[in-house]
Amino acid sequence: MSNKVLVFIDQFKGKAYPVSWEALGAGRSLAEKLGGGVTALVVGSGAQTVAGEAFQYGADEVLYADDATLADYRPEPYTALIAKQATSAAAEVLLFPTTTRGRELAAMCAVDLESGVMPDVTALSVEDGRVVATRPVYAGKLLTKVYCTANPQIVTTRTRAFPMPHPDTGRTGMPTKVDAAQAEGDIPSKVVEYAESGGGVSLADAAVIVSGGRGVSNNPALTPPAGLDEKQAEIWKAQQGFKLVGDLASVLGGAVGASRAAVDAGYIPYEHQVGQTGKVVSPDLYVACGISGAIQHQAGMRTSKVIVAINKDPEAPIFKLARFGVVGDLYAILPPLAEAFKKKLGK
Ligand SMILES: Cc1cc2nc3c(=O)[nH]c(=O)nc-3n(C[C@H](O)[C@H](O)[C@H](O)COP(=O)(O)OP(=O)(O)OC[C@H]3O[C@@H](n4cnc5c(N)ncnc54)[C@H](O)[C@@H]3O)c2cc1C
């Protein structure tokens with residue numbers, strides 16, 4: 001590898017996370033400014049399949065590694081491999097998508113390579129030959145510009161902050177297989193088993209998210225089944241509310257999100273949480289139902305392109321952020337809204 005920019009492509013069983021291609025697109029435009037090409041590195045089971053695709057998304061060179069030590073994700077052998085490739089190529093920039101793995105590996109590579117990380121970046125430029133990264137801070141209230149004095153300059157790119165490159169099927173190449181950098185005996189962590197979490201929620205990649213908050217349980221007209229205690233009755237009510245949230249999400253082909261209050265109250269699992277301590281999302285459309293719009297919730301969704309808020313309280317802070325606000329009861333608004341979209345979209 002002789003390119004200045006190296007991009008880690010995060011993938012699972014032969015399918016790349018879309019933000020990996022966004023990171024590759026960002027890497028490509030940096031490479032053009034720095035002079036030189038961009039190398040993509042794909043690791044783990046199914047790496048070869050994804051490696052083939054990486055050319056179409058803009059890589060000039062593609063490296064892949066897939067052996068028994070790398071089959072199941074572990075940070076140590078992945079870090080060792082990425083750091084080795086970055087060192088041998090004297091890469092000036094090392095890009096990761098902001099996936100859970102991308103964040104972890106960026107931090108570990110920074111330690112191994114004695115550099116720094118510019119995390120969760122939303123824009124990149126080159127000034128005097130150095131990468132300047134823009135990143136939101138203070139729960140998204142401010143944007144800061146940072147640069148790194150050491151090489152490689154390590155960046156994680158925020159999901160949906162960079163354009164998805166159009167795949168060019170005419171762009172092909174031969175990926176190069178590289179060896180793992182650590183032998184099994186040198187890897188301190190061992191995989192016992194992988195179990196399906198049953199999650200399947202991909203909030204980060206969703207173009208439409210319909211989220212519910214504490215307000216979803218607030219419908220005095222609902223009568224819970226007999227025999228439930230107060231907490232169980234509240235959760236039962238919340239489930240009726242989340243069904244309406246889910247119906248709208250499904251008509252719009254979107255995912256279901258939630259506030260932390262809804263998660264903490266046991267209405268919905270944590271994997272749906274949006275916010276400072278949940279997922280940071282940036283969909284084209286974010287519909288907040290029964291969510292007040294606390295600063296910690298805003299931290300996870302304020303960069304959404306269009307925000308719609310449905311809330312009974314006209315003073316709710318979410319209305320300050322929303323492009324469209326509907327003051328009213330979500331139980332009255334969501335069913336006809338879903339029905340209207342169904343008709344409009346011919347579903
Ligand atoms: C360190 C820290 C980290 C945090 N991280 C997160 C995070 O990641 N994500 C997050 O969301 N929060 C987070 N929080 C919590 C945050 O401060 C708020 O408590 C939380 O977001 C409130 O959730 P909510 O809007 O659902 O509930 P509430 O603030 O209780 O708002 C409920 C809203 O529903 C409306 N409503 C009620 N009934 C109806 C109805 N029938 N129809 C329409 N509207 C109705 C009400 O008017 C109200 O505005 C964090 C807090 C701290 C301290």
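The shell around the ligand comprises, by class, five nonpolar, 15 polar and five charged residues. These values come from a predicted model, in which 25 residues surround the ligand, with Arg214, Ser259, Thr277, Ser292 and Asn311 the closest of them. With regard to secondary structure, at least two residues of this shell are supplied by each of two helices, α6, which spans residues 260-264, and α7, which spans residues 295-301.

Polar contacts to oxygen atoms of the ligand arise from both the backbone and the side chains of the protein. On the side-chain part, a polar atom of Ser292, which is also listed among the closest residues of the shell, is placed 2.7 Å from an oxygen atom of the ligand. On the backbone part, an N or O atom of Arg260 is found 2.9 Å from a ligand oxygen atom, and a polar backbone atom of Gly290 is separated by 3.0 Å from an oxygen atom of the ligand. The ligand, when taken alone, exposes an area of 970 Å², of which 77% is buried by the protein.

The space that the ligand takes corresponds to the second largest pocket of the model. This second largest pocket contains about 340 Å³ of space, and its lining is made up of 19 residues, of which Ser259, Arg260, Ala261, Ser292 and Ala294 are the closest to its centre. Ser259 and Ser292 thus appear among the residues closest to the pocket centre and also among those closest to the ligand, while Arg260, likewise listed for the pocket centre, provides the backbone contact at 2.9 Å described above. The lining of the second largest pocket divides into four nonpolar, 13 polar and two charged residues, and α6 and α7 each contribute at least two residues to this lining, as each of these helices does to the shell around the ligand.

Two features of the backbone geometry were also examined. In general, most peptide bonds are trans, and most residues other than glycine have a negative phi. The peptide bond that leads from Asn151 to Pro152 is, however, cis, with an omega near -5°, and Pro152 is located in the loop that lies between β10 (142-147) and β11 (153-157). Lys13, although it is not a glycine, adopts a positive phi of about 50°, and this residue is likewise placed in a loop, namely that between β2 (11-12) and β3 (15-16).

How values were computed:
Residues numbered from 1 in each chain as written. Predicted model: local features only at pLDDT ≥ 70, side-chain atom pairs only at ≥ 80, totals over all residues. Heavy atoms only, no water. Near = heavy atom within 4 Å. Polar contact = N/O pair within 3.5 Å; in protein donor to acceptor, adjacent residues only side chain to side chain. Areas by Shrake-Rupley, 256 points an atom, 1.4 Å probe, with all protein chains shown as cover. 1 Å grid on protein atoms, 1.4 Å probe; cavity = no way out; pocket = protein on both sides within 12 Å on 5 of 7 lines; lining within 4 Å. Sits in = over half its atoms within 2 Å of the grid points. Helix = DSSP H or I, 4+ residues; strand = E, 2+ residues; numbered from the N terminus. Nonpolar A, V, L, I, M, F, W, Y, C, P; charged D, E, K, R; others polar. Points joined across faces, edges and corners; volume = space filled by probe spheres on them.
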